[in-house]
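Work through the exercises below with the structure open. Each task is followed by a solution in steps.

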Amino acid sequence: MSAVSGHAGTLSARPAQLATASRRDPWRGVRTALRYAVLLIVLTFCLFPILWVIGMSVKLPGEYMRNPPVWIPQNPTLVHYTNVMAQKGNLALKNSVIIATGATFLSMLVGSLAAYSLARLETGGRHFSFWLLSQRLMPPVVLVVPFFLLLRTLGNINPALGLDSHASLIALYTVFNLPFVIWMMRSYFEAIPAEIEESALVDGSTRFGAFRRITLPLAVPGLIATGTFAFIFSWMEFLFAVVFTRTKAVTLPVAVAGFSGSQGSNWGQASALAVVAMVPVFALALLVQRHFVRGLTLGAVRG
Amino acid sequence: MDMAETATRTTVAPSGPSYATRRRIEGWMLVLPALLLILGLSIVPLIQSLVLSFQRWDLQSQEHPFVGLQNYRDVLLDARVWAAFLNTGIIVVCAVAAEFLLGLGLALLFVGDFVGKRFAMPILLLPVMVVPIVVGLTWRMLWDNQYGAINQTLSWIAGHDVNILWLAHRDTALFAMIVTDVWQWTPFMFLVLLAALSSVNPELYEAAALDGAGWWQVLRDVSLPGISRVIAVAILFRALDAFKIFDLVYMFTQGGPGTSTESISWYIYQLGFKFFRLGYASAVSFVVVIIMTVIATLYVARFLRGGDA
């Protein structure tokens, strides 16, 4: 993974020799033009669907159900936002915030301890950390049936732990985030020199004290980045959410998917709710931009 | 958490357990909560699922008798399983291949610094950050034959009215899923390959330039070998992820028309929560796990053997 996390832009430090060689290159202007032309097309392609769903969310039915379609909203309105939030949006937003926050907090707490142990004490060696990682290679659908039976049983004992509860999704997302959190945090802990901590140990500090007072503060940027990714993954999850929730614990993706049956008629509200689900992730992504490569390569392993 | 005598003190007092032992106990204590969670909510359910796969577990039946390998025999004879495998395979192969080629092309174009890079990069990464169900909804609207922007754009290009019912036929629906997946995940490939290309030793390019190598030779003999390992890992991760495809099927076709666009995840979901054939759904799951493990192991042995991923 080390090659992946190498930083961009090393090539610009090419020796002057090569720079002059490329300055004589007659194709240089053409290549620059080509680069910007491709860039323009790619940026349009990336942005267009996002702008489309935002546009749909502010169009009235007369505009979003017209053939040929109206590309730019003529009479922008926020009525879909107020309607959808009043109907099911507020509950879904609240549920999503509770579940993603809970799962993030728990997986960071449990995962960071384990990651510290793997990084500093080399617990279990390389095989153990790969075993942890391999947990997330399996398609999550495989676990849906046994989880369902487990939650049904738990629900008979205490409804707050069973199907359609916050606690059940928090627990499942915590477990599904763990391998990712452990691998991310392990790499951050490994980047902090062990010597600082060892000198504290020599001065009579306990291992936990050294961890809390020295290593943990140094790992804060890594904690923030990892926690943000864990939050985003929990926020986006759909399969478990749609199987294990009915009404009380419905999350934003499930609420958005609830509109899937209707061709056209409810697209305004569906899009408004979709924008509500989408925008917080963009805001969080700005926070972790620098950590993207590391986060996504490990994140892809997660369920 | 208070088990730590310090390292130095332990070595002075040989009566207690050795430093190494203490370290190991400390280490496992810290890992224990994570391990318990994973065992309880991942390994135990997996074993339970294995047990279920040998049972008849239907909604109608009160009892869940063991039926040996009957579920597995049914899987082998179930055309819907293999059709779902084929659909999933087509989507994975086409989407990941397109994402890799496009991502590599873009990465080669954008390696190094240029004016506007700081502005362009965040926009390029936006698709990855869109909630998958929102991607499904958005593209469901775009592919719509009446109100969608895609038929409209094609009409402009063709110069006459284009009315393709993208999601109403198997082949065009699979194509739509592939294009949508490519939209969301090409930036991932691009980003990973760009980072890898940027970390190839610049002296190698210098040497190649002095030897008078053309860009194709540089690509084939310097760039690609230098990043082959990253390519292998990126393709593996992306393929494993694409194999789980569920959200797009849910939003685009719900497996239809008929059952023609079912993916593996979708079919298992149907078996479990529409037909409540939990035993049979578990058997299908295990066949999937076995097939995926075999393919992934072969892949790792072929492309990633030796060294650290």
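Two residues are in contact if their C-beta atoms, placed from the backbone, lie within 7 Å. The model is predicted.

**Exercise 1.** Determine whether helix α12 of chain B is enclosed or not, and find what covers its buried residues.

Solution.
- Step 1. The cut-off for a buried residue is 20 or more other C-beta atoms within 10 Å of its own.
- Step 2. In α12(B), the buried residues are B:Ile264, B:Ser265, B:Trp266, B:Tyr267, B:Ile268, B:Tyr269, B:Leu271 and B:Gly272.
- Step 3. That is eight of the ten residues of the helix (residues 264–273), so α12 of chain B is largely enclosed by the rest of the structure.
- Step 4. The cover of these buried residues includes α6 (141–157) from chain A. From chain B, it includes α4 (79–110), α11 and α13 (278–303).

**Exercise 2.** Place B:Phe246 in chain B, decide whether B:Phe246 is buried or exposed, and list its contacts beyond four places in sequence.

Solution.
- Step 1. B:Phe246 sits in the loop between α10 and α11 (247–252) of chain B.
- Step 2. Within 10 Å there are 22 other C-beta atoms, so B:Phe246 is buried.
- Step 3. Neighbours within four places aside, B:Phe246 contacts A:Val141 and A:Leu239 in chain A, and B:Ser263, B:Ser265, B:Trp266 and B:Tyr269 in chain B. Among these partners, B:Ser265, B:Trp266 and B:Tyr269 are buried residues of α12(B).
- Step 4. For a distance check, take B:Ala79: it is 167 residues from B:Phe246 in sequence, and the C-alpha atoms are 20 Å apart.

**Exercise 3.** Decide whether A:Ala283 is buried or exposed.

Solution.
- Step 1. Helix α13 (residues 267–287) of chain A contains A:Ala283.
- Step 2. A:Ala283 has 9 C-beta neighbours inside 10 Å, and therefore counts as exposed.
- Step 3. A:Phe208 is 75 residues away along the chain, with 34 Å between the two C-alpha atoms.

**Exercise 4.** Describe how α9 and α10 of chain B pack.

Solution.
- Step 1. Two packed helices are described by the angle between their axes and the distance between the axes.
- Step 2. Here the axes of α9 (residues 202–210) and α10 (residues 215–243) of chain B come within 11 Å and cross at roughly 170°.
- Step 3. An angle over 145 degrees counts as roughly antiparallel, so α9(B) is roughly antiparallel to α10(B).
- Step 4. B:Leu204, B:Tyr205 and B:Ala208 of α9(B) make the contact with B:Val218, B:Val222 and B:Gly226 of α10(B).
- Step 5. By class, these residues are five nonpolar, one polar and no charged.

**Exercise 5.** Characterise the contact between chains A and B, and the largest nonpolar core.

Solution.
- Step 1. Each side is counted: 91 residues from chain A and 91 residues from chain B.
- Step 2. On the chain A side, helix α2 (residues 28–57) gives the largest share, twelve residues.
- Step 3. That side divides into 69 nonpolar, 18 polar and four charged residues.
- Step 4. The largest nonpolar core has 168 residues, and those touching the most other members are A:Ile182, A:Val256, A:Leu273, A:Ala274, B:Val134 and B:Leu193. Helix α8 (residues 170–198) of chain B contributes the most to this core, 18 residues.
- Step 5. One of the core residues, A:Val256, has among its contacts A:Leu273 and A:Ala274, as well as B:Ile133, B:Val134 and B:Leu137.

Definitions and conventions. Residues numbered from 1 in each chain as written. Chains lettered and ligands numbered in written order. Predicted model: local features only at pLDDT ≥ 70, side-chain atom pairs only at ≥ 80, totals over all residues. Helix = DSSP H or I, 4+ residues; strand = E, 2+ residues; numbered from the N terminus. Nonpolar A, V, L, I, M, F, W, Y, C, P; charged D, E, K, R; others polar. Axes fitted to C-alpha atoms, helices over the stretch in contact; angles between N-to-C directions. Parallel < 35°, antiparallel > 145°, perpendicular 65-115°, else oblique. Core = buried A, V, L, I, M, F, W, Y, C linked by C-beta atoms within 7 Å. Buried ≥ 20, exposed ≤ 12 C-beta atoms within 10 Å, placed from the backbone.
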